[in-house]
Amino acid sequence: MSVLTRDEAQTRAQLIDVHHYRVDLDLTTGDETFGSHSLIRFTARAAGDTFVELKPETLRSARLDDTPLDLSTLDGNRLPLSLTEGEHTLRISTTMRYSRTGEGMHRFTDPTDGESYVYTQLFMEDVQRVFAAFDQPDLKAVFELSVKAPEGWTVLANGITEQQPDGRWQAAPTPLLSTYFVCVAAGPWHTVRTEHAGLPFGIHCRRSLAAHLDADADEILAVTKACYDRYHEKFDEPYPFDSYDQAFVPEFNAGAMENPGLVTFRDEFVFRSAVTVTERQTRAMVIAHEMAHMWFGDLVTLRWWDDIWLNESFAEYMGFQTVNEACSDLFPDTWIDFGVTRKSWGYEADQRPSTHPVAPDPEAVPDTASALLNFDGISYAKGASALRQLVAWLGEDDFLAGINIHFKRHKFGNATLADFIDNLAAATDRDVHAWAERWLRTTGVDTLTPRLEGDGTQWRLHVDRDGSRPHRIRAGIYDRQPDGELALRERLDLDVSQQAPAELTGPRPALVVLNDGDLTYAKLRFDEVSEETALRGLSRIPDPLTRAVVWNALRDMVRDGELAPADYLEVALAHLPDETELALVQGVLGFARTQIADRYTSQEERPAALATIGEIARALLRRTEDGEAPGLRLTAVRACVDSATTPDKIASWLDEGTVHGGPELDPELRWRILARLAVLGATDETVIAAEAERDPSATGQEGAARCRASLPDPDAKAAAWSALFDSDELSNYLFTATAQGFWQPEQAALVREYVPRFYEAAVALGDRRGPAMAEAAGRYAFPAYAIDAESLALGESHLKSGTMIPALHRKLVDQLDDLTRALNIRTT
C-alpha cells in the first residue's frame, strides 16, 4: 500500500475540486465483509492524471463518467484516473472487509448478549477501508450516506438519519467535510435523547451497558450542554452541524474522535464499576475536547498533517479550560489534573530523541505515515501548555478575538499555521509571529531555577533559564509559620526573558516556587533553601495547584538523576497520607508504582519500594475509614492491590467480596486483584475461568486474557506469546490485555528467553496487521522490565539494521530511550 505524500496531495489539490460523495453501504452481507458503493462528483481544472484511493477486499466495478475502468490497474490502494478538463463522475463498487483492529469499519460482537455493532474510524488513511475517496484533508466535499443494516439496528451518522420505507437508513447531507471525518455507527444501540438549543442531542452505547449509561446520562448530558453553551459564549460562529450525537463504542483505539455531529468515544467511559471524581473529570474533559474540535478541526481544518497541532493542541487547551469554567460545580480545578497527568506526558515526549516541534516544518511531515507519529505528548500536552502560556501573555480577550477572526476567514475551509498566527496577530499589538517561532518551531524543555541575592530584609530574585523561550510566569513567595504551615507572602508576575531581578522585602523566604499557577511549560528547580523546604514541608503548601507544580518538579528531578527514587518515595510517605487533592494522590502513586518501583529501582530494591507504596496506601485506608472520601479510598485500595508482595490480604478480599470497611468489590476490583494474584502465582486457570463465567462481558474477556498471560508458568507464557504473535485472531483490545499480562517485573527470569524474540515478532506483526497493532505491540508488548545493558544493545541493533513500519519504529525509539533513562537512574 502506498502512503500519500505531501507533494502528491498538493499536486492533486491543484488538479481537482471535489464536490459531492454519495456513499451506499450494505451491512447485511455477513460478519466478515460489507458492500460499498461510491459516487463521486468532481471537477478537473485541466487534463491530467491522478488517482483515487481504496483498500477493497474485492473491486467489483469502477466507471469514470461513461467509461469502465480496467480493474487490474488497481495498484495497492490506488486506482489511476486519466482526466479531461471539466466535470466528472466516478462510480466504484467494492466489497470491503470489517476490521478487528479499530481501523476502518470495526465490527464487534458483544459476548454478553451476542449482539453485533459496527463503527467507522477513518482517520488519516482508513476511509479507504470503507469507501473509495480522494483521501486528503484539503479536498472537502458534501457527503450523503445511505446504509442498509440488519433489522433491529439503528444507524447513526454525521447528520440526522431516518429509516426509509425500504429499510435503508438515509443520513442528511453534510456541510463540507474532509474525508477522515465521515462516520457511521450501526447496531442495536441503547439511546438516550434530548434537545438543547433547538438541536437533537443523543448519547448511545451497546445494550449490555444500558443501565450504566442511564446511571450517568444526566451528568454526561449536563456536561455536554454546559460546554456547548460556553463555546457559544466564546465563539462567534455557531455550532455548524444539524445534531450532536455521542456514541460510546467498543474496542476504540483512541480516547475519542471528533467526527462532526457524531463523536465516537471508547466505551470504557461508560463506567461499569466505581470510579473516582478525577476519572469522571477526565470523561468531561474529553467531551469538551471533542466538542472544541467542531470548530477547530471540523469547521476549519488543517491543509496538511504538519499542522495537526492546530487541531489537537487547541482542543486539549479548550477541553481543560472549558470544563474548568462551565462545570466547576462538578470539577473545581481541572488544571491540577492537567499538570499532574497530561503535562508530564509532554515533558517526557519532549526529552526523547523522537521529539519534534509543536508545529514541525512541512518537510518534516512528507507523508501520512510520518504524520501519524505526531499524535503524541507534543501535539497534545505541550501544544496545550504553549497555548495556555500564549493566553497568559496575550490575555484571553485578544486570544479569543484572534480565534474568531480565524473561524470567520476559514469556515468550512482549510488553514495553515501561518493563517492562524496572522489571525491572532490581527487581534493584538504583540509580536505573535516571534512568539510562535520561539515556542512552536523549537524542541526541548527549558529549565527555570530561582536564585536569591541579598541579606537581611532586602532580596533580589533572579530566574536562571536553561533554554531560550520567553516565559511569563508567577513566582510564589512562601514563609514558614510558627506552626510549621507555609503561608503565601506574595505572587510576583515575571517576564523571564527580560532577566530583570524582582525585588523582595522581608526575611528570606522559606520557599520560592517558580511557575506558581503552572502557566508555562518548563521544568523547575529550587534554590537550596527552597528544596529543603519542599522536601520537608510539601503537604504544608496551601494551594493544591502549587503542590502539583512542586510534585512535578520532584518527578523531573528523579527522571534527571538529581533525586534518588528512594528519596522520592520517602517524600511521598511523609506527605501523601495528608494530601486532600485526589489528582495528586493518583498521580504520585501512579508514578511511584509504574516507574519508580517497576523500572527505576533494581530487583533487589524493588520489594522495599513496593512496601513503601503499600504503607502509603494503608495510611490512606485508615484515613478514609469514615467513608467521607470514597475516591481517595478507592485509589488506596487499588494501590494496595497493585503493590501487594504477598497474596493473603488481597486474596481474602476476593474471597469475601469486599474490603474491610468498604468498598464491596465490583468487576474492576475483582479483576485487578485476580491479576495481581496471577502475577504472584497465587491463582490458577480454574479460578480465572470461574471469574470469566461470573463476568461474561468484553471487559471480563480482557481481564481473563490479562490474568492468563500473567501466570508465572512456562506453558501460560508460551500460549500468550503465540496468541500475540503467531496468530492474528486477537482483536486490538484482547491483544493489549494479553500483552499487559505477559511481562512482569517479578517474572524477569521466566520470560528472558522472549526478549530477543520480541523484535522480529513485532516487525512481522506490524507488516501484517498495520500501524494500530504495531503501535500496540511497541507500547504494550515491549519487554519494558528487561532493564540491562544487554537488552538495550539488542534493541539498538534492531533499530539500526531492521526495516519496520514507522509506527513501530517510533515506539521502539521511545521505549529504548526510556530504557536508557532507567539504566542511568539505577546507576546514578
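**How the descriptions follow from the model**

Author: Welcome! Let us begin with helix α16: its buried residues are covered by elements that include α3 (277-293), α14 (582-600), α15 (606-623), α17 (648-656) and α18 (667-679). Please keep in mind that this is a predicted model.

Reader: What makes α16 count as mostly covered?

Author: A residue is called buried when its relative accessible area is under 20%. In α16, 11 of the 13 residues are buried. They are Gly 631, Leu 632, Arg 633, Leu 634, Thr 635, Ala 636, Val 637, Arg 638, Ala 639, Cys 640 and Val 641.

Reader: How do you know that the span of helix α16 agrees with what it should be?

Author: Helix α16 covers residues 630-642, and at 1.5 Å a residue its 13 residues should span 18 Å. The expected span takes 1.5 Å times one less than the number of residues. The end C-alpha atoms of α16 are 18 Å apart, so the two values agree.

Reader: Why is helix α22 described as largely enclosed?

Author: Helix α22 (residues 732-742) has 11 residues and 10 of them are buried, so the rest of the structure largely encloses this helix. Among the buried ones are Tyr 733, Leu 734, Phe 735 and Phe 742. They pack against β8 (104-109), β19 (262-266), α20 (698-710), α21 (714-726), α23 (755-769) and α24 (771-780).

Reader: α23 turns up there too. Why is α23 called roughly parallel to α25?

Author: α23 packs against helix α25 (residues 789-801) at an angle of about 20°, and their axes are 10 Å apart. Angles under 35 degrees count as roughly parallel, and so α23 and α25 earn that name. Their crossing is right-handed. On the α23 side the contact involves Val 755, Pro 756, Tyr 759 and Glu 760, which meet Ser 791, Leu 794, Gly 795 and His 798 of α25.

Reader: And what makes α25 and helix α26 cross the way they do?

Author: The axes of α25 and α26 (residues 806-827) come within 10 Å and cross at roughly 155°. Angles over 145 degrees count as roughly antiparallel, so that is the label for α25 and α26. Here the crossing is left-handed. The residues in contact include Leu 792, Gly 795 and Leu 799 of α25, together with Leu 812, Leu 816 and Leu 823 of α26.

Reader: Let us turn to strands. How do you know that β15 and β18 stand at the edges of their sheet?

Author: The open sheet has five strands in the order β15-β16-β17-β19-β18, with mixed pairing. β15 (190-196) and β18 (256-257) each have a single partner strand, so each has one side without a neighbour in the sheet. Helix α2 (residues 210-234) packs on this sheet, touching β15, β16 and β17 (244-249), and its direction makes about 25° with that of β15.

Reader: How do you know that β15 and β16 pair?

Author: Two strands pair if there are at least two bridges between them. β15 and β16 (residues 199-205) have seven, in the antiparallel sense. At one place along this pairing, His 196 stands opposite Leu 199 in β16.

Reader: What makes strand β9 mostly covered?

Author: Six of the six residues of β9 (residues 116-121) are buried. Ser 116, Val 118 and Thr 120 point one way, while Tyr 117, Tyr 119 and Gln 121 point the other way. β9 also runs antiparallel to β8, joined by six bridges. Those two strands form a hairpin with six residues between them, and Gly 114 in the turn has a positive phi of about 80°.

Reader: Why is Met 124 called buried?

Author: Met 124 has a relative accessibility of 6%, and the cut-off for buried is under 20%, so Met 124 counts as buried. It lies in the loop between β9 and β10 (142-148). The phi of Met 124 is near 65°, a positive value in a residue other than glycine.

Reader: Is Gln 321 buried or exposed, and how do you know?

Author: Gln 321 has a relative accessible area of 15%. That is under the 20% limit, so Gln 321 is buried. Gln 321 is found in helix α4 (residues 308-326). Leaving aside residues up to four places away in sequence, Gln 321 touches Lys 234, Trp 335 and Glu 396.

Conventions
Residues are numbered from 1 along each chain as its sequence is written. This is a predicted model: local features need pLDDT of at least 70, side-chain atom pairs count only at pLDDT 80 or more; totals for chains, interfaces and linings use all residues. Side-chain values use heavy atoms; hydrogens and water are left out. Helices (H or I, at least four residues) and strands (E, at least two) are DSSP runs, numbered from the N terminus. Buried means under 20% relative accessible area, exposed over 50%, partly exposed in between (1.4 Å probe, protein chains only). Contact means heavy atoms within 4.5 Å. Axes are lines fitted to C-alpha atoms, for helices over the stretch in contact, and angles run from 0 to 180 degrees between N-to-C directions. Angles under 35 degrees count as roughly parallel, over 145 as roughly antiparallel, 65 to 115 as roughly perpendicular and the rest as oblique. A crossing is left-handed if the near helix is turned anticlockwise from the far one by less than a right angle, and right-handed if clockwise.
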